[in-house]
Amino acid sequence: MKSVWLTEKNVNQYPKINKSCTKNIVVVGGGIAGYLTAFNLSQKGHEVTLIEAQNLFNGTTGFTTAHIDALHSLFYKDLQKMSTDKARLYYWSQKNAIDDYESLIKKYNIQCDFKRVDSFILAQQQDVQKLKKEYEALKAIGEHPDFFVSTDIFGENMCALKVPFMAIFDPIKFLRALPVNFEIFENSRITDVDFNNKILYCGKIAIKANKIIIATNYPIINVPGWYFLRMYKSTSYAVSVKSKTELTKIYQSTSESGITLRSNNDQLIVGGLDHRTGRVDDTTKYQTLLKKVQTIEQNASITHHWSANDCVTFDGIPFIGYYSKKSKDIYVITGFSKYGMANALTASKVISDLIEKKPNKYQKLFSPSRTTPLFVFLKNLLSVVSNLVIMPLILPFKSYKSLKKGEGRIVMYFGSKRAVYKDEKGKYHVCQALCAHLKCQLKFNMVDKTWDCPCHGSRFDIDGNLLVGPSVKSLKNYPN
Ligand SMILES: Cc1cc2nc3c(=O)[nH]c(=O)nc-3n(C[C@H](O)[C@H](O)[C@H](O)COP(=O)(O)OP(=O)(O)OC[C@H]3O[C@@H](n4cnc5c(N)ncnc54)[C@H](O)[C@@H]3O)c2cc1C
């Protein structure tokens, strides 16, 4: 699984942290959110250290499709129901971020394939009313979209809404070209946080900090914050194919599967098919995306395919600000809800202004301490009950002997319940069956051959090595 953005050059550039130390501002997480925040703060003269668990940008950022788009499917019609001012403010946070990217790219003369494009939202004819409502909401917040009753795309007749002057880029080329005036450690996973004393632990190494920013995509501190009850993790897929057609438009659809489309020089990238992480058993995702793109490029074949996860908040607005009311020195950036490109740049500014005690018009909008409705907590609790409480108590009916080659499942293995994968050579890979985060029962992902947590979205390879948090530990592996 390789995305179009991650190339061989992107590995092991920075050292591992190797001794206990005291730092000023520590950013945990080297994705687009953490990196831009470290960059922004360092540009303002702060001493910043960024700590990344693996290699920079190898989290969700390396597996994005990188539309920088203020349109978010049918988001504004719902946001406007809460408040038109809120919807307007959010929209302008996205538009301003696109302009800010362009300014940075010009200022540092960055070659990252940044292009301004028209953005389209596509809806099937039966959803024309919903799209009309989105159109009205956008008009109410001051945008001037075009509405098309009929347009042919993906072999279908759709209705569409268009707003010009959005953008695309190569996020990794962009991030790698920014000047680095801060310290970076790679392959240094934070395994514990002493919230009250502001100490981060990387195994036995202790890092004392004045300020800490948790930008780990899914926050690694469960309490305070309670983010695991206010968001869920969603997986999306993407494929890239060679193409003779270079699009000057980007597309997203309103269907549940949420298809997106863009060009990247001589490639077409189609993404989508979102679902809650660890909850879907479908091995045909990449083929479905290929079929979509073949409606545009007939004989296309896949050159790259990938999947990744992002956190979706209860109201679709990210959490950017103080981690909890308990501390003004610990901050969080999370919950981009699949629209992280513009939001990450906005986040870097909101956090910098909070640290510098400067006003920022977006602080309140993104504040993590905004009220979360009780039903959201309950819904999230209920949605994990089965995998957190019931499934761990049930012994599996099947034994590891029933596994076919290439199959993984929770089975009985010599009298114990285990997560077992049988590889193509017939070798068994045996791990603990419960997630190392909060002990939910894991589920095997047949598409990517990983163990995924259906509760909070941690992912592990077939030998139990941690791939994606919020877990900070790998699974116990039982060699055989
Ligand atoms: C398939 C797909 C397509 C998308 N397309 C778009 C798009 O077109 N436009 C758009 O705006 N958004 C898109 N998104 C969303 C966007 O890519 C994400 O919101 C964004 O990349 C998230 O960035 P991040 O920095 O929060 O997370 P990440 O990139 O995941 O960075 C978090 C980093 O923290 C590190 N980390 C985790 N735990 C620890 C720890 N304990 N110690 C140290 N480091 C740790 C991780 O290794 C990781 O590198 C897409 C998402 C997906 C999945």
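**A note on helix H2 and the ligand shell**

1. A good place to start is helix H2, residues 75-82, where Phe75, Tyr76, Leu79 and Gln80 are buried. These residues lie on the same side of H2, because they cover an arc of only 120 degrees around the axis. Please keep in mind that this is a predicted model.

2. What do the buried residues of H2 pack against? Their partners are helix H3 (84-107) and helix H4 (128-140).

3. Two packed helices are described by the angle between their axes and the distance between the axes. For H2 and H3, the axes come within 6 Å and cross at roughly 135 degrees. H2 is therefore oblique to H3, as angles over 145 would be needed to count as roughly antiparallel.

4. On the H2 side, the contact with H3 involves Tyr76, Leu79, Gln80 and Met82. Facing them in H3 are Thr84, Lys86, Ala87, Tyr90 and Tyr91. By class, this contact of H2 with H3 has 6 nonpolar residues, 2 polar and 1 charged.

5. Now to the ligand. There are 41 residues around the ligand, and those that come nearest are Gly29, Gly31, Gly59, Thr64 and Gly340. The shell divides into 18 nonpolar, 19 polar and 4 charged residues.

6. Which element gives the most to the shell around the ligand? That is H7, with 4 residues. Helix H7 (340-355) is one of the elements that supply at least two shell residues each, alongside helix H1 (32-43) and strands S10 (205-217), S11 (231-242) and S15 (302-313).

Conventions. Residues are numbered from 1 along each chain as its sequence is written. This is a predicted model: local features need pLDDT of at least 70, side-chain atom pairs count only at pLDDT 80 or more; totals for chains, interfaces and linings use all residues. A residue is near a molecule or strand if its C-beta atom, placed from the backbone, lies within 6 Å of it. Ala, Val, Leu, Ile, Met, Phe, Trp, Tyr, Cys and Pro count as nonpolar, Asp, Glu, Lys and Arg as charged, and the others, Gly among them, as polar. A residue is buried if 20 or more other C-beta atoms lie within 10 Å of its own, exposed if 12 or fewer, and partly exposed in between; C-beta atoms are placed from the backbone. The arc is that of the directions from the helix axis to the C-beta atoms. Two residues are in contact if their C-beta atoms, placed from the backbone, lie within 7 Å. Axes are lines fitted to C-alpha atoms, for helices over the stretch in contact, and angles run from 0 to 180 degrees between N-to-C directions. Angles under 35 degrees count as roughly parallel, over 145 as roughly antiparallel, 65 to 115 as roughly perpendicular and the rest as oblique.
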